[in-house]
Every structure is written in C-alpha cells, then in structure tokens.
Amino acid sequence: LVGEAFARIKEHDERVGAYLTLNEEGAHAEAARLDNKLGSDEAKGLLFGLPAGIKDNMVTEGLRTTCASQFLSNYNPIYDATVVTKLKQAETVTIGKLNMDEFAMGGSNENSSFHPVRNPWDLTRVPGGSSGGSAAAVAAGEAYFTLGSDTGGSIRQPASYCGVVGLKPTYGLVSRYGLVAFASSLDQIGPITKNVEDAAYVLQAIAGHDAKDSTSANVDIPDYVSALSGEISGLKIAVPKEYLDGIDPQVKAAVLEALRVLEGLGAEWEEVSLPHTEYAVAAYYLLASSEASSNLSRFDGVRYGVRAEQGGNLLDLYLDSRSQGFGPEVKRRIMLGTYALSSGYYDAYYLKAQKVRTLIKQDFDRTFEKYDVIIGPTAPTTAFQLGSQVDDPLTMYLNDILTIPMSLAGVPAMSVPCGFADGLPVGLQIIGKAFDESTILRVAHAYE
Ligand code: GLN
C-alpha cells in the first residue's frame with residue numbers, strides 16, 4: 001500500500017500539488033518494519049499499515065511542518081502532535097505533509113505560499129480549503145486516508161469539492177495538542193477518507209481525552225465502527241430552510257434526492273428554521289480573526305521559523321520577519337483581529353460576535369430537542385475555477401455560510417458525497433448533537 005501511494009504521487013502529484021513534504025525514506029522503513037510483523041502473532045494496531053497523509057499544520061517530529069507559510073519553511077518540530085502519536089500507535093505509515101491555505105486561512109487552497117492544489121476531478125478547479133491537499137490526496141489515491149483540520153469548514157468543504165468523506169468532530173473530542181492554532185475556540189482535527197467506515201475507524205484511533213490540551217473533553221469514546229448498523233428507520237431529520245436558500249439549483253436537487261433516499265430507508269424529514277444563520281459568517285470572521293491575531297503573535301522571527309536579515313533593533317526584527325513571513329490573507333486576518341479586539345471597538349465587534357455565537361448555538365440546541373440530525377448541503381456550489389475568487393475575499397468568505405454555524409456551535413458535522421452537478425461532486429452535510437458522532441456516522445453509512 002505504501003509503495004502504491006508513492007507510485008500514485010509520482011504519477012499525479014506534479015499536477016495535483018497535494019503534498020508539501022514527502023516522508024519517503026521514513027515511510028518505507030516503517031513499512032518494512034510492519035511487513036516483518038505481518039506473519040507474527042504480535043498485536044497489530046487498529047489502522048495497521050495504512051498510508052496516511054497529515055495536513056501541514058500538525059507537528060511531526062523531525063518532519064518539516066510549514067502551515068504552507070514561508071515563515072515556517074524551515075521549521076522541523078521536535079515533537080509529535082497527539083493525533084500523530086495516536087496514528088503511530090495505530091501503526092499507520094506517514095506518507096508526507098499536505099498542502100493547505102497558509103495557517104488554514106482560506107477556502108480554496110490558493111492561499112498556500114508554496115503552490116495551489118488542483119482538484120483531481122478537474123485540474124482547472126480548486127479542491128476547496130483549507131485542507132485542500134488532504135482532500136485532493138484521498139481523491140487522487142495518494143494516501144489511504146488523511147487528517148485535516150476544520151475551523152469554519154476546512155475539512156467538510158474540501159471533502160465536498162473532491163467527492164470524499166470528511167468529518168469534523170465535536171469541539172474537544174480530538175486533541176489539538178500540536179495543531180498550530182488558528183482560532184483555538186473553533187479548531188478541530190478530523191479524518192478525510194474514501195468512505196464512511198474508514199472515517200469511523202480513523203476517528204476511533206484519534207479521539208479521546210488528552211491532558212496536554214486544556215479544552216480536550218473527558219468523555220467516554222463509543223465504538224464508532226459498531227454504530228454502523230445500517231438501521232435508520234424512525235430517524236428524525238431537520239432540514240433548515242436557510243440552508244437551501246440561494247444555493248446552486250443542481251446542488252439543491254442532489255440534496256433533495258439524498259433526502260428521498262433517506263426517506264426510503266425509513267427516516268422522516270421536516271423543514272425547520274435556524275433563524276440566526278445569516279449572522280454566522282460575520283460573527284465567525286470577527287471571532288476567528290481575533291483569535292488568530294493573538295495566536296499568531298508567537299511568530300516573531302525569534303522563536304519559530306525564518307528570521308529576517310536585519311540591521312536595526314529588536315522591533316525591526318519583529319516587523320521585518322512578520323512582513324516577509326506572512327502572506328496577504330494572514331496579514332488581512334491579523335489586521336481585522338487586532339482591530340476587533342482593540343479597546344473602543346471590543347464591545348461593538350468582539351463582544352457582539354460572541355453574543356451572536358450564543359444565539360447560533362441556541363438555534364442548534366432547540367432543533368436537537370426534537371430531531372436526531374440536521375441535514376443540508378455542505379457548500380452552496382461545487383468546486384469553482386482556480387483564480388475566479390482570489391481578488392474578492394468577501395465572496396470567498398461567503399462560501400462558508402453552510403459550514404461555519406456548526407463550528408460556532410461546536411457540534412459535529414460530516415460531508416458525504418451525494419452525486420454530481422455538471423460532472424463535479426456534491427457533498428451532503430449531516431450534523432449531529434455534541435459528542436453524537438455515532439449517529440451521524442450511522443446515517444452517513446446507511447445513505448452511502
Ligand atoms: N474558509 C474559512 C476561513 O478561511 C475556514 C477555514 C478553516 O476552517 N480552517 O477561515
């Protein structure tokens with residue numbers, strides 16, 4: 001499998017651009033070790049021998065971790081993120097580190113400071129973002145599965161554009177230790193896989209409490225794989241009317257068709273309203289940028305990454321390193337965030353956005369009193385053309401309208417392929433109660 005993954009990379013990745021760093025030597029050595037174990041009675045890990053790709057914002061000991069930023073182009077971490085440790089315990093083989101939008105800021109992967117990723121279904125189109133490399137690698141067969149991170153949609157939207165499965169777990173289910181922080185109250189790591197069963201297996205391997213992450217939840221981890229019973233009769237589905245308004249008609253048709261399939265399996269659906277949906281994008285970009293401006297203050301040219309050549313004083317060192325190290329979108333977010341947090345504007349923007357966040361969470365709480373899952377599209381359109389939105393950040397931000405509310409509420413959500421529109425994959429989004437990944441996996445698996 002490892003040899004096959006590298007063969008696919010050699011054949012396709014020059015065009016797709018999913019990987020930033022390959023771990024070829026290390027992967028072959030690990031594969032040889034596992035091969036030796038194959039014939040023995042020794043216990044084998046849950047994901048024994050599976051080639052995995054890791055988004056390049058999760059630190060890997062001795063393997064370059066760039067966040068797709070020039071700032072970290074020379075950064076070799078001295079420790080593994082908890083998810084990476086857990087994958088090693090499950091005996092996966094790390095193939096390499098995957099391209100992304102710089103510091104996970106973006107929705108098309110065009111903000112990578114190295115090179116963009118192209119959608120394997122149509123190389124003129126974006127794979128989505130920010131985990132574009134993670135989704136494209138699975139779609140192109142360049143890894144058996146990958147890890148992505150999702151702050152406002154970055155696992156689900158690229159999964160949707162690339163026709164693969166992406167799961168954003170409940171906030172706190174998977175440790176963020178060793179994930180380079182973008183917006184700490186939103187960031188979650190999750191699997192991108194070829195099918196739902198694989199997602200259940202990978203989640204099983206990476207979920208669980210971690211004392212190294214103070215926001216990690218101390219909850220019992222169920223058996224996700226045995227939840228895939230195929231049985232959904234009597235399931236109550238809510239379909240928010242706000243999620244079907246103004247979306248591409250072909251995407252809407254694919255989602256309605258999926259609902260008919262679920263009905264055929266014995267589920268019932270009703271239209272509901274999540275009235276605060278329209279405020280989600282504005283609240284998210286204030287909160288995420290505020291947290292980012294604080295988190296990214298650690299990149300000063302002294303502690304991590306590339307230091308600017310300079311002749312001036314310490315302040316010049318900071319200024320030059322940050323001016324040269326960060327790309328335009330990252331600078332835009334830092335400016336927006338520091339503005340929203342500055343005294344005088346804090347109440348008007350940051351505090352107001354926090355209140356809106358609570359209202360959005362209450363929309364979900366109310367809906368989940370009566371329904372088991374919420375279903376809608378993952379994104380308003382299919383993958384768009386490379387370059388078509390790069391000069392228009394606001395349009396780019398509005399693409400996230402269907403994935404941001406769940407991030408603000410902290411609830412789990414999953415994208416599964418549900419057909420095509422003009423030959424491009426469409427994603428169905430299944431949203432669950434906090435820590436009820438089992439139900440969304442069961443529904444997704446029954447549908448698949
Ligand atoms: N597209 C969103 C943003 O640019 C989401 C990114 C993410 O989830 N990391 O912030």
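Hi everyone. Let's start with two neighbouring names, Tyr284 and Tyr285: both of these residues are buried. Keep in mind throughout that this is a predicted model.

How do the two rings sit relative to each other? Tyr284 and Tyr285 make an edge-to-face aromatic pair, with 4.8 Å from centre to centre and 85 degrees between the planes. For contrast, have a look at Tyr339 and Tyr349, whose pair is tilted: 40 degrees between the planes and 6.0 Å between the centres. If you search the whole structure, you find 17 aromatic pairs.

Now, back to Tyr284, as it brings us to the ligand. A polar atom in the side chain of Tyr284 lies 2.7 Å from one of the ligand's oxygen atoms. Ser154 also has a side-chain N or O atom by a ligand oxygen, this time at 2.6 Å. And which atom of the ligand does Asp400 meet? Here it is a nitrogen atom, 2.9 Å from an N or O atom in the Asp400 side chain. On its own the ligand has 290 Å² of accessible area, and the protein covers 99% of that.

So where exactly does the ligand sit? You'll find it in the largest cavity.

Let's finish with the surroundings. The ligand is surrounded by 15 residues, and the closest are Thr151, Gly152, Ser154, Tyr284 and Arg333. What kinds of residue make up this shell? Seven are polar, five are nonpolar and three are charged. When you turn the model on your screen, try starting from Tyr284: its partner Tyr285 is buried along with it, and Tyr284 itself is among the residues closest to the ligand.

Thanks for listening!

Definitions and conventions. Residues numbered from 1 in each chain as written. Predicted model: local features only at pLDDT ≥ 70, side-chain atom pairs only at ≥ 80, totals over all residues. Heavy atoms only, no water. Near = heavy atom within 4 Å. Polar contact = N/O pair within 3.5 Å; in protein donor to acceptor, adjacent residues only side chain to side chain. Areas by Shrake-Rupley, 256 points an atom, 1.4 Å probe, with all protein chains shown as cover. 1 Å grid on protein atoms, 1.4 Å probe; cavity = no way out; pocket = protein on both sides within 12 Å on 5 of 7 lines; lining within 4 Å. Sits in = over half its atoms within 2 Å of the grid points. Nonpolar A, V, L, I, M, F, W, Y, C, P; charged D, E, K, R; others polar. Phe/Tyr/Trp six-rings, centres within 6.5 Å; stacked < 30°, edge-to-face > 60°. Buried < 20%, exposed > 50% of the residue type's maximum accessible area, 1.4 Å probe, protein only.
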